[in-house]
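Subject: Handover of a structure for your review

Dear colleague,

Please find below the structure that I am handing over to you. My notes on what was found in it follow directly after.

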Amino acid sequence: MSGLRHLPHYIFSSSTSTISTSSSLPIISLQYNFIKSSSSSLKFQRRNLIINEASQLLSNMEPPVANKVKHEMEMFGDVRVDNYYWLRDDSRSDPQILAHLRDENAYADHVMSGTKRLEDLIYSEIRSRVKEDDISAPIRRGPYYYYKRNLEGKEYVQRCRRLVPNVNAQANVHDIMPTGPGAPPEQILLDENVKAQEHAFYCIDAFKVNPSNTLVAYAEDTKGDEIYTVYVIDAESQIPIGKPLVGVTSDFEWAGDDALVYLTRDEILRPDKAWLHKLGTEQSFDRCLYHEKDDMLSLDLSASESKKFVFVESESKTTKFIFYLDVSKPEDGLIVLTPRLDGIDTLASHRGNHFFIKRRSDECYNSEILACPVDKTSATTVLLPHRPSVNLQEMRLFSDHLVVYERENGLPKIIIYRLPAVGEPLDRLSGGRSIDFVDPIYSVDPSESQFSSSILRFCYSSMKTPPSVYDYDMDSGFSVLKKVDEVLGGFDSANYVTERLWATAADGTHIPISVVYRKDLVKLDGSDPLLLYGYGSYEACIDPYFKASRLSLLDRGFIFTIAHVRGGGEMGRPWYEDGKLLKKKNTFTDFIDCAEYLIEKKYCSTEKLCIEGRSAGGLLIGAVINMRPDLFKAAVLGVPFVDALTTMLDPTIPLTTSEWEEWGDPRKEEFYFYMKSYSPVDNIKAQNYPAILVTAGLNDTRVMYSEPAKFVAKLREMKTDDNLLLFKCELGAGHFSKSGRFEKLQEDAFKYTFILEALNMLPPLP
């Protein structure tokens, strides 16, 4: 794009309105009297005339142009030229690069300055739906209720607790934490608003109380680079205990009351070492429990629900093997629970005298659940066998129950099994009880529950149902709604329709699409605006979820859809396998097929179709706008993985080595040329593209800021249209953008304003 020759940016200030630019532009003042008549065509004709005049007056604005510095890369006799390779700076301190990123930010703000009033309006309506002073559903841990409190006007939460009035009473689904006069006083364990005052970015990614409820450990990130400091404080006084653990991941577990197991990373930020830290000792004296030297593998941690074992897991995209630490005998170190076998993926927990193991293999690709005695781990018994049509995703153990989170036909399910008493033989389970859900499409996720109770807690939502926390009595089958996120402003779920559609791919595969819209606004005649979201990598399931800010689109007549394309995990393990490595292009063609299906069925037209994806989903969006730019009106790429080939050729970049099993190793010729055929940066060509918004985070360690920066620079050089192309890079954040809850809403408002402008749907403002 060689100049600002795209949709204008204007403000209507009244019924007799002035279109004006920001103060740094040449002054434009165009009077427009709105015609109060039934002739809407005349009204919009006059509006478009003025828009065109404003565009001509603003056409002298130029976007940032990155310098071209020729950089050749040769592999298998193939030479690629990357003129923007210089935009990568691992130290993130190069003045020229930072200046370029600031120029891009300034340009994006400048271009959108004329729509700032609409953006502020959308932000106000999004924020007005938020109950700013609220608490989460309290969870009981021993003698305390723990919860998070939001305060009006504050970006971050307070982490609090109260004593349970009758500690000896058995927990039940009807329990309510008392808060009135005479109730046990609230204790603020940590006020994130106070901690965040000195930082532009602030995130607590883990907050865990020790078994006796006397100490709290939490992991703090103040840059967005996901390199954490772990602090331990006294729960009563909030006084720090010892020195913090520095340069660690957010993955840690209590090993009893006075020790922590935690992970550190190597130079490419791969979690490679597990450590045991005894409180009151120096971090330099900590014992290394395990060092994973294979750079294809990364470490992970989990704790059994019984809190008797900590599991150290070494995993790749296809293999996971497990060690366990008996917290009553930490001096014994790690013991192998499941050995390393390529292609075998295991997940473990514990109850009584048995370990429970979820095991996936090539034969049992949707997983099976086994049990083995703690003292004889080789003697396994199949509790739940593999089923080709049902994917066993997670399991949660209780003293008397096993809860399995399954997935069938693209939808999640919860199945509950009664277990025999501890000490009695464990055999194949049957007769599980399922929990019924009311919406045709929905999302359900496990929440923290007490191992010793019969109460299962889970969070349910749909595209029209706000997140709702339920306590479910596993003995009686009775459930109680404990908390629903309140949506202010007159929200009524009955005004919205959710449904599932099925598009047919070119190879005959049926691709599920989740849909939501407001039934009194949508016409389904091809004229409705539509936003299509996609991801399709890492076996991740993008379930139909609720997002209150999305109402600002739905209430403007938008349809919102999710394409559950191959590469995700929505339809089981084979669904993932069919969208990775040398089948990765299925992800992109599935998305295109979903878009064409929605157009065919008159949910939208090409002139009203917008698309969005983040991270690996940004790769998806980058690929499809190269393949079919004619199909889409606007595209939003959040922290997009768009320089896939160059990144995957460089093992010094974080995540590269561990992701060869996801994308392929392009040091091998077959993978090199296959990846080159879709990698978005490598496939930009001289053609018309839709309007595009790209975002990045300077401190992002998952997708380097330079990937979207290069993508935008090359698009500016190559594309032949005059559509919007904006790039916003947060200079003080990482992969997950800004940290404050209201800051995130502002980003949604900016994105929605961009979409409305790209669709020429900017309304006259009073």
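Which residue in S38 does Glu612 stand opposite? The model is predicted, and in it the partner of Glu612 is Val636. The two strands concerned are S37, residues 609-614, and S38, residues 634-638, which pair in the parallel sense over 5 bridges.

Overall architecture

The protein chain contains 13 helices and 40 strands. Its radius of gyration is 27 Å, close to the 27 Å that the globule rule gives for 766 residues, so the chain is as compact as a globular protein of that length. Along the principal axes, the C-alpha atoms fill a box of roughly 80 × 70 × 55 Å.

The sheet of eight strands

S37 and S38 belong to an open sheet of 8 strands with mixed pairing, in the order S33-S34-S36-S35-S37-S38-S39-S40. At its edges stand S33 (496-504) and S40 (725-730); each has a single partner strand, so one side of each is left without a neighbour in the sheet. From one strand to the next, the twist averages 15 degrees.

At the S33 edge, the pairing of S33 with S34 is antiparallel and extends over 9 bridges. Within this pair, Tyr496 is found opposite Arg518 of S34. The hairpin formed by S33 and S34 has 5 residues between the strands, and Gly508 there adopts a positive phi near 90 degrees.

Helices H7 and H8

Helix H7 (residues 585-600) lies across five strands of this part of the chain: S33, S34 (510-518), S35 (530-534), S36 (559-563) and S37. Its direction is at about 120 degrees to S33.

H7 also packs against helix H8 (residues 616-627), where the two axes come within 9 Å and cross at roughly 65 degrees. That angle makes H7 roughly perpendicular to H8. The crossing of H7 and H8 is right-handed. On the H7 side, the residues in contact are Thr587, Phe588, Thr589, Phe591 and Ile592, and they meet Leu619, Leu620, Ile621, Ala623, Val624 and Met627 of H8. Sorted by class, this contact comprises 9 nonpolar and 2 polar residues, with no charged ones.

Helices H3 and H13

A further helix contact joins H3 (residues 116-128) and H13 (residues 741-758), whose axes come within 8 Å and cross at roughly 130 degrees. H3 is therefore oblique to H13. This crossing, too, is right-handed. H3 contributes Leu118, Glu119, Asp120, Ile122, Tyr123, Ile126 and Arg127, while H13 contributes Phe742, Leu745, Gln746, Asp748, Ala749, Phe750, Tyr752, Thr753 and Leu756. The contact of H3 with H13 has 10 nonpolar, 2 polar and 4 charged residues.

The sheet of four strands

There is also an open sheet of 4 strands, ordered S29-S30-S31-S32, with antiparallel pairing. S29 (443-446) and S32 (479-484) are the edge strands, each pairing on one side only. Here the twist averages 30 degrees from one strand to the next. In this sheet, S30 (residues 455-461) and S31 (residues 468-473) run antiparallel and are joined by 6 bridges. Tyr460 stands opposite Ser468 of S31.

With kind regards

Definitions and conventions: Residues numbered from 1 in each chain as written. Predicted model: local features only at pLDDT ≥ 70, side-chain atom pairs only at ≥ 80, totals over all residues. Heavy atoms only, no water. Axes fitted to C-alpha atoms, helices over the stretch in contact; angles between N-to-C directions. Parallel < 35°, antiparallel > 145°, perpendicular 65-115°, else oblique. Left-handed = near helix turned anticlockwise from the far one by under 90°. Contact = heavy atoms within 4.5 Å. Nonpolar A, V, L, I, M, F, W, Y, C, P; charged D, E, K, R; others polar. Pairing = 2+ DSSP bridges. Rg over C-alpha atoms; globule rule 2.2 N^0.38 Å.
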